[in-house]
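Let's take a walk through a protein model together. Have the structure open beside you, and turn it around as you read.

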Amino acid sequence: EPGSEDSLHEHPRESQGRPGSRAPHVFVERDGAPVSTLDLFGRDFVLLVGSGGDAWRGAALAAAQELGVQVDCHVIGDPQFADAYGITAAGAVLVRPDGVVGWRAAEADGASEDTMRGTLASLLCRNAEAATAKNPKSTGG
């Protein structure tokens, strides 16, 4: 990510969701009960978006379908979440199954299927065009 420092060790609260760092813990509400953001990770990629991040959510789900991968999406309206992850309410963070931030966008600028397809393909070490062409569930590309 442009402008990031190359610190080898950093507390997750200080990294603010910078790609390559552990995802920060923040209590959020899920089904009326408090849950840690860390409890949302573990099996699939997870996209966390602020309350104004619908464009990222739609783009991620479409790109994931084209690539044949699962992305769980969570819309989190708590401003504490956005601050902890270094994004605005229109931003998004993609977390790998191991709880490491793979990508983030502070704003909604650039929210597109192409952006998300390229991001997921990169995290999966795939060529986005080749992966889309090989996936029988693909709807285009």
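Start with Leu 123: at 26% relative accessibility, this residue counts as partly exposed, because buried would mean under 20% and exposed over 50%. Keep in mind that you're looking at a predicted model. Leu 123 sits in helix 4. Leaving out residues up to four places away in sequence, Leu 123 touches Phe 45, Leu 94 and Gly 102. Now look for Trp 103: Leu 123 and Trp 103 are 20 residues apart in sequence, and their C-alpha atoms are 8.7 Å apart in space.

Let's zoom out for a moment. How many helices and strands does the protein have? There are five helices and six strands. Reading from the N terminus, the elements go α-β-β-β-α-β-α-β-β-α-α. Of the 141 residues in the protein, buried ones make up 42%. The chain also makes plenty of links between distant parts of its sequence: take the contacts between residues at least 6 apart, and 65% of them join residues at least 24 apart.

Back to helix 4, which covers residues 113-123. Which of its residues are buried? They are Met 116, Arg 117, Thr 119, Leu 120 and Ala 121. Thr 119 is a nice one to check for yourself. It belongs to helix 4, and its relative accessible area is 11%, so Thr 119 is buried. Skipping its neighbours within four places in sequence, Thr 119 is in contact with Leu 94 and Trp 103. Leu 120 has a longer list of partners, again skipping neighbours within four places: Phe 45, Ala 60, Ala 63, Ala 64, Leu 67, Val 69, Val 71 and Leu 94.

Some of those partners lead us to helix 2, residues 54-67. How do helix 2 and helix 4 meet? Their axes come within 8 Å and cross at roughly 55°. That angle is neither under 35 degrees nor in the 65 to 115 range, so the two helices are oblique to each other. The crossing of helix 2 and helix 4 is right-handed. On the helix 2 side, the contact is made by Trp 56, Ala 59, Ala 60, Ala 62, Ala 63, Ala 64, Glu 66 and Leu 67. On the helix 4 side, Glu 113, Thr 115, Met 116, Arg 117, Leu 120 and Ala 121 take part. Sort the residues in this contact by class and you get ten nonpolar, one polar and three charged.

To see that meeting point up close, pick Ala 63 in helix 2. Ala 63 has a relative accessibility of 0%, so it counts as buried. Not counting residues up to four places away in sequence, Ala 63 touches Glu 113, Met 116, Arg 117 and Leu 120. Ala 63 and Arg 117 are 54 residues apart along the chain, yet their C-alpha atoms are separated by 4.8 Å.

Here's a general idea to carry along: in soluble globular proteins, nonpolar side chains tend to be buried together. So where do the nonpolar residues gather in this model? The largest nonpolar core has 18 residues. Those with the most contacts inside this core are Leu 47, Trp 56, Val 71, Leu 94, Trp 103, Met 116 and Leu 120. Strand 3 (45-49), helix 2, strand 5 (92-95), strand 6 (101-105) and helix 4 each give two or more residues to it. Helix 2 supplies the largest share, six residues. Apart from this core lies another one, of 17 residues, including Val 28, Val 35, Ala 82 and Val 93.

Finally, let's visit two loops. Most residues other than glycine have a negative phi. Cys 125, just after helix 4, takes a positive phi of about 60°. Its place is in the loop between helix 4 and helix 5 (128-134). Is Cys 125 buried or exposed? With a relative accessible area of 75%, Cys 125 is exposed. Asp 31 has a positive phi too, near 55°. You'll find Asp 31 in the loop between strand 1 (27-30) and strand 2 (33-36). The relative accessible area of Asp 31 is 80%, so this residue is exposed.

Technical notes:
Residues numbered from 1 in each chain as written. Predicted model: local features only at pLDDT ≥ 70, side-chain atom pairs only at ≥ 80, totals over all residues. Heavy atoms only, no water. Axes fitted to C-alpha atoms, helices over the stretch in contact; angles between N-to-C directions. Helix = DSSP H or I, 4+ residues; strand = E, 2+ residues; numbered from the N terminus. Parallel < 35°, antiparallel > 145°, perpendicular 65-115°, else oblique. Left-handed = near helix turned anticlockwise from the far one by under 90°. Contact = heavy atoms within 4.5 Å. Nonpolar A, V, L, I, M, F, W, Y, C, P; charged D, E, K, R; others polar. Core = buried A, V, L, I, M, F, W, Y, C linked by side-chain atoms within 4.5 Å. Buried < 20%, exposed > 50% of the residue type's maximum accessible area, 1.4 Å probe, protein only.
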